[in-house]
Amino acid sequence: MTTDAEHPTEETPVLRRLIPLGDSAVTVEFGDTIDPEINALVISYANRIVEQGWSGIVDIVPTYRSITIHYDPVQWDVTALTDRLLTIPRLNPHEEKSQGTLHEIPVLYGGDSGPDLEDVASFSGLEPSEVVALHTSVRYRVYMLGFTPGFPYLGLLPEKLAMPRLPTPRPRVPPGSVGLADRQTGIYPIETPGGWRLIGRTPIPLYRRNGSTPFLLKPGDLVQFRPIEPGEFERLSRQMIHEDHRP
Amino acid sequence: MTRKRAEIDVAKPGWLTTIQDLGRYGYQRYGMPSAGAMDRFAAVVANRLVGNPDQAAVLECTLKGPELLFRDDALMAVTGADLSPTLNGSDIPLWTCLTVRRGGRLRFGTRRIGVRCYLAIGGGFDVPLVLGSRSTHCPSRTGGLDGRPLRAGDLLLGGPFGSDVERLVGRRLPDRLLPRYDRSIVARIILDSRREWFHSAAFTTLTNSVYMVAPQSDRMGYRLIGPPLPRTGAHRFISEGTVTGALQVPADGQPILLMADRQTTGGYPPIATVISVDVPLAAQLGPGDTVRFVSCSIVEAQALLRTRHHLLDAALPPVAINRPSL
């Protein structure tokens, strides 16, 4: 069932492959690497599908280099859907790039908030303060959300900080923890098990289950981390709890 | 037209009882799992039997059912697994619309077949819609009753329902549409069209072996124990969207069957996906139960689903969400 788009033109997107996932979803691959250009294409194409407003399309999930489209198989058969997907015109990825929102995320690095900061520092041959400086030196792209509600996969982490996951995941990672794994960094929105190296913690909630805008980030947004002191962490935490209880 | 609401006390919560509907859609791009009833067929039938729209919230009771005390008259249907339900001490039939009188006590006993039983009441269970759904997703404490399973002492509220519903009492799902739950099932699968992630032997192993559901299995997924499915391991699989029914294969080659609470994205390559009409059979497997997989085409899988859909509509017509008589 793999369909190769052999002759892409200006009007059709550069689809590498269409892969049916069972009888109710299709994955469209755009490449096989983690690359901002490919991810921009993914997000612009996902937005294009959303714009079509087709009935019977239940979820559109952009990821690093592919989109998974969940559909109602009572309304769509797989051929009709893949044919329609190929008619969606291409959007200039550069146009899309400017649409992401920039978020400044304050982070209390090290100590109890970032129990692995020292390990990351010795692994990379840096002082903890240099790790913080390097981690905050990059404006990260939200490549995708997944794992838990609101968890952003941010990249690319400076090569020097790329450290493998913990050999055994922690059973409980506190919400707001900022971690890194290989060339990725991310933020745990809710308490879950987790194997990423934890270097800090943000008081900003990424998922508010009862909020009118439950998710802080969307694919294609940009994240800039800012180091803060314990005092500011406490102050912002109190402010966030207050906001959560506002009607 | 008078409208009634039922109140129900939770005397005992059971092993894992949650409020579910058909799932939360439109937010998977934010990492929000769809959740929803594991056995969608049983949930839909329970709703139709009591005159509810398919999307109404039901109780999903796992392994050991709850004990519920009805403060008001209500319509009720129990579907899915047979956990030996009794009303005021007498056995009650599954897949049938029944009335419960005020003071009625619903209890469950021995597990006869299946794992997950569904209870619908006329008007549905009334909890707030969260992101368009009443389904409980426990890991993120979203939806249902404060995002958690039932506890003793909870009070469940039914939604409003009309007074003309008594005509539904005694209605049942025709025998020919009853699911064939079993402790060892054959599930039809669609093999993944990508071949680069597995040795060709993996595909034949998958369709020529019996896999057992491991104890570490829950609403997110079932770990399956059986002959390993050898991966090529040439390069790293980049996380992509997942589907319910997918068989993901970690490096050790032991497949994981993804279920309703699956994460929206996954970093293990899928080798195949269980077809939609067979997911309810898988949803009724417990630890130690077994599954064999046989290959099926997408066209065939979609035709089977449409046929089931039409047969069910003919037997128990769907109820429009805004039906005036409700």
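**Chat about a two-chain model**

Trainee: How buried or exposed is Leu131(B)?
Mentor: Leu131(B) is partly exposed, since 18 other C-beta atoms lie within 10 Å of its own, and a residue needs 20 or more to count as buried. Please keep in mind as we talk that this is a predicted model.

Trainee: Where does Leu131(B) sit in the chain?
Mentor: Leu131(B) belongs to the loop that runs between β11 (113-121) and β12 (155-157) of chain B. Its phi is positive, at about 50 degrees, even though the residue is not a glycine.

Trainee: Why should I care about the sign of phi?
Mentor: Most residues other than glycine have a negative phi, so a positive value in such a residue catches the eye.

Trainee: Ok, and what about Asp146(B), where is that one?
Mentor: Asp146(B) is also placed in the loop between β11 and β12 of chain B, and although it is not a glycine, its phi is positive at about 50 degrees. Asp146(B) counts as partly exposed because 13 C-beta neighbours are found inside 10 Å.

Trainee: New topic, how many residues does each chain bring to the contact between A and B?
Mentor: Chain A brings 41 residues to that contact, while chain B brings 37 residues. On the side of chain B that touches chain A, the elements giving two or more residues are β17 (240-241), β21 (270-274) and α4 (298-315).

Trainee: Which of those gives the most?
Mentor: That is α4(B), which contributes 6 residues to the side of chain B that touches chain A. If you sort the residues of that side by class, you get 17 polar, 15 nonpolar and 5 charged.

Trainee: So how long is α4(B)?
Mentor: Helix α4(B) has 18 residues, and from its first C-alpha to its last it reaches 26 Å, which is close to the 26 Å expected at 1.5 Å a residue.

Trainee: Which residues of α4(B) are buried?
Mentor: The buried ones in α4(B) are Ile298(B), Ala301(B) and Gln302(B). They line one face of the helix, because they fall within an arc of 95 degrees when you look down the axis of α4(B). As background, an α-helix has 3.6 residues a turn, so residues three or four places apart point the same way.

Trainee: And what covers the buried residues of α4(B)?
Mentor: The cover includes β1 (17-21) and α2 (78-86) of chain A, together with β14 (184-191) of chain B. On the face of α4(B) turned away from the buried side, you find the exposed residues Thr307(B), His310(B) and Ala314(B).

Trainee: Switching to chain A, how many helices and strands does it have?
Mentor: Chain A has 13 strands and 6 helices, and 45% of its 247 residues are buried.

Trainee: What are its domains?
Mentor: The domain assignment splits chain A into domain 1 (17-97) and domain 2 (102-244), and the centres of these two domains, taken over C-alpha atoms, are 29 Å apart. Where the two domains of chain A meet, 8 residues of domain 1 are in contact with 7 residues of domain 2. Helix α1 (residues 36-52) of chain A supplies the largest share of the domain 1 side, with 3 residues.

Trainee: Can we look at a strand, say β7 in chain A: which of its residues are buried on each side?
Mentor: In strand β7 (residues 152-155) of chain A, Pro152(A) and Leu154(A) are buried on one side, and Tyr153(A) and Gly155(A) are buried on the other, so that both faces are covered.

Trainee: Which way does β6 of chain A pair with β7(A)?
Mentor: Strand β6 (residues 140-145) of chain A and β7(A) pair in the antiparallel sense over 4 bridges, with Leu145(A) standing opposite Pro152(A). The hairpin they form has 6 residues between the strands, and there Phe147(A) takes a positive phi near 70 degrees. Strand β7(A) is also joined by 2 bridges to strand β10 (residues 184-187) of chain A, again running antiparallel, and the partner of Tyr153(A) in β10(A) is Gly186(A).

Trainee: Which kind of peptide bond joins Gly155(A) and Leu156(A), cis or trans?
Mentor: It is a cis peptide bond, with omega about -10 degrees, and Leu156(A) lies in the loop between β7 and β8 (170-173) of chain A.

Conventions
Residues are numbered from 1 along each chain as its sequence is written. Chains are lettered from A and ligands numbered from 1 in the order in which they are written. This is a predicted model: local features need pLDDT of at least 70, side-chain atom pairs count only at pLDDT 80 or more; totals for chains, interfaces and linings use all residues. Ala, Val, Leu, Ile, Met, Phe, Trp, Tyr, Cys and Pro count as nonpolar, Asp, Glu, Lys and Arg as charged, and the others, Gly among them, as polar. Domain bounds come from an automatic or database domain assignment. The expected span of a helix is 1.5 Å times one less than its number of residues. A residue is buried if 20 or more other C-beta atoms lie within 10 Å of its own, exposed if 12 or fewer, and partly exposed in between; C-beta atoms are placed from the backbone. The arc is that of the directions from the helix axis to the C-beta atoms. Two strands pair if DSSP finds at least two bridges between them.
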